[in-house]
Amino acid sequence: MTSGGLTGQAAAQMVTTLVKLREALETAHLPLQIPDVESARHSRQEMVDQLEDYVLPRLIQIEAPLLTVVGGSTGAGKSTLVNSLIGERVTEPGVLRPTTRSPVLVYNPADAEWFAGQRILPDLNRTDDAGANPGSLQLVASDAIPSGLAVLDAPDIDSVEEQNRTLAAQLLGAADLWLFVTSAARYADQVPWEFLQSAADRSAAVAIVLDRTQPEAIEEVSTHLARMMSARGLRDSPLFIVPEGEVDAAGLLPSSSVREIRGWLSSLAGDAAARQSIVRQTLDGVIRTLSTRTFAVADACHDQVEISGRLRRDAEGSYEQALNAIDHACADGTLMRGEVLARWQEFVGTGELISSLESKVSWIRDRVSNAVKGQPQQATRLTVAVESGLQTLVMEHAEAAAERADAAWRSIAAGRDLLATTDEDLSRASRDLRVRAERSVREWQEAVLDMVRDEGADKRGSARFLALGVNGLAVALMVTVFASTGGVTGAEVGIAGGSAVIGQKLLEAVFGDQAVRRLAERARADLNHRMMLLLDDEQRRYGALLDALGISTEVEEELRSGARTIDDIRFSAPA
């Protein structure tokens with residue numbers, strides 16, 4: 001097996017590399033709307049199609065017939081030209097524009113095996129019938145076309161129907177040889193030259209047919225067209241002129257009008273070396289440009305990962321800020337206000353105890369514990385107040401985090417488009433967050449009760465333990481946690497700090513200094529963990545949108561590695 005300058009093992013390595021490249025390109029999702037992404041998406045799909053439709057089939061079966069795709073502008077007379085070249089009506093010209101129909105592939109019956117299967121254009125269904133389905137490929141066997149050559153009539157490249165334009169580009173990408181048809185009225189149009197420039201950039205074999213040209217305009221138009229071809233890298237491409245003429249009853253041009261083109265194609269069909277030269281030129285050019293274009297798609301993948309990472313960091317940062325704010329509020333005395341403070345003062349008794357603590361924090365434990373007047377129902381009311389305060393704190397900061405994340409995402413187009421894909425309003429906290437927060441706080445309070453119960457297992461008979469009870473000690477531990485940075489060991493700085501001093505002293509009277517510090521650290525860490533889980537669930541709404549995109553962090557390097565390997569194989573091949 002040979003391919004251009006590749007032989008044997010090198011050709012096999014190239015096939016393996018290109019198969020892997022195709023897989024990487026198919027994995028290279030570019031879902032985020034970022035600058036220049038449309039061009040990268042188009043290029044990625046075009047490369048996937050060309051690998052499947054042309055490069056891999058041609059590499060594997062280099063000896064297959066030369067595929068000549070006839071393409072061009074609307075109304076240029078492609079179908080009439082194909083029929084006239086074959087000498088019979090094998091494809092129907094479109095009378096009305098746009099014409100939607102199956103592309104037609106004409107081949108010699110001796111070459112049927114090459115085209116009956118899915119060797120080329122595997123996504124097009126094979127059919128023997130003419131139809132209006134552009135998803136099918138009509139196969140026409142004709143003895144009028146020489147063995148070793150096949151001609152495919154493609155849709156208009158500038159059709160007003162996007163489906164026709166897309167298919168035309170796909171078919172031209174599968175060609176060994178482009179027979180590009182234009183007319184005296186359309187030869188300078190931009191769209192045809194975009195295709196031709198693309199062909200020149202990848203050194204594809206191209207022949208141009210100037211069709212439907214009035215005899216008196218042939219010299220002027222052909223001269224101008226030849227200059228345009230030369231300026232765009234197509235100096236060596238053949239240029240054929242088909243003068244305007246009457247068609248016969250079968251819709252065919254006079255044989256003399258297409259004799260030169262027919263003779264040229266027949267000579268290619270009869271000359272294996274000439275066919276191989278064209279195949280080699282086009283195939284090598286496509287493979288060369290695949291490498292270059294792959295790097296561009298890899299760059300686009302890198303940009304997708306970067307933007308995706310930025311969006312994820314924005315969301316994570318918003319909720320991390322919320323978690324830090326909750327943590328701070330749970331330790332600086334913020335919660336020891338309002339209802340929680342009122343219920344705590346009921347429990348411990350205010351008056352002389354609080355006022356004395358404002359000037360002196362070194363009361364002995366017995367005097368602190370003896371001053372407590374709390375009853376079980378007062379401990380219950382305090383527990384409810386703590387639960388309500390924590391829920392409010394969670395909701396406040398979760399709402400703020402959602403607003404920040406939403407605003408950050410909406411500041412860039414990719415984020416705005418992604419938010420538009422969900423019906424949920426992510427700028428607000430989840431509808432069920434309040435219920436989940438209530439459950440989480442209650443579970444934390446139960447965990448605090450368990451901590452106190454376990455720690456006091458050998459102290460339950462003591463007078464101090466019995467006087468305060470598990471619930472009383474648990475609320476004292478909660479209060480200590482909520483004002484742990486409020487100055488419990490230094491000069492008093494306010495009511496919140498005084499409350500923490502009382503809670504701490506009550507606990508120390510039962511458990512001792514070290515045990516209280518350990519209990520407070522455990523309770524605070526447990527609360528932080530539960531708050532983190534709640535906010536992680538909230539942030540995950542944003543993360544889920546990114547996860548669903550399937551953006552791979554590995555595919556960029558797979559593409560770059562594939563492109564480098566292609567170049568290595570090409571450059572190592574003998575000249």
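**Exercise 1.** Is Val475 buried or exposed?

*Solution.* The model is predicted, so local features need pLDDT of at least 70 and side-chain atom pairs count only at pLDDT 80 or more, whereas totals for chains, interfaces and linings use all residues. Residues are numbered from 1 along each chain as its sequence is written, and side-chain values use heavy atoms, with hydrogens and water left out.

Step 1. Take the cut-offs: buried means under 20% relative accessible area, exposed means over 50%, and partly exposed lies in between (1.4 Å probe, protein chains only).
Step 2. Val475 has a relative accessible area of 2%, so Val475 is buried.
Step 3. Place the residue: Val475 belongs to helix 16 (residues 463-482). Helices (H or I, at least four residues) and strands (E, at least two) are DSSP runs, numbered from the N terminus.
Step 4. List its contacts (heavy atoms within 4.5 Å). Leaving aside residues up to four places away in sequence, Val475 touches Trp344, Phe347, Ala379, Leu382 and Thr383.
Step 5. Add a distance: 8.6 Å separates the C-alpha atoms of Val475 and Leu449, which are 26 residues apart along the chain.

**Exercise 2.** Describe the burial and contacts of Arg560.

*Solution.*
Step 1. Find Arg560 in helix 19 (residues 555-572).
Step 2. Its relative accessibility is 16%, so Arg560 counts as buried.
Step 3. Not counting residues up to four places away in sequence, Arg560 touches Phe295, Ala298 and Asp299.

**Exercise 3.** In what order do the 8 strands of the open sheet lie?

*Solution.*
Step 1. Begin with the whole protein, which has 19 helices and 10 strands.
Step 2. The open sheet has the order 5-6-4-7-3-8-9-10, with mixed pairing. Two strands pair if DSSP finds at least two bridges between them.
Step 3. Strand 5 (125-127) and strand 10 (239-243) are the edge strands, each pairing on one side only.
Step 4. Look inside the sheet: strand 3 (residues 66-72) and strand 8 (residues 177-183) run parallel and are joined by 5 bridges. Gly71 has Phe180 of strand 8 as its bridge partner.

**Exercise 4.** Which residues lie nearest the centre of the largest pocket?

*Solution.*
Step 1. Define the pocket: on a 1 Å grid over the protein atoms alone, it is an open set of points where a 1.4 Å probe fits, with protein on both sides within 12 Å along at least five of seven lines; lining residues have an atom within 4 Å of a point.
Step 2. The lining has 24 residues, and His42, Glu46, Arg165, Ala169 and Phe195 are nearest the centre.
Step 3. At least two lining residues come from each of helix 2 (37-60), helix 5 (162-173), helix 6 (190-201) and helix 9 (272-329). Helix 5 gives the most, with 7 residues.

**Exercise 5.** Compare Asp36 and Leu121 in phi and in burial.

*Solution.*
Step 1. Recall the background: most residues other than glycine have a negative phi.
Step 2. Asp36 has a positive phi near 70°, and the phi of Leu121 is a positive value near 45°.
Step 3. Asp36 sits in the loop between helix 1 (8-27) and helix 2, while Leu121 lies in the loop between helix 4 (112-116) and strand 5.
Step 4. Asp36 is exposed, with a relative accessible area of 68%, whereas Leu121 is buried at 0% relative accessibility.
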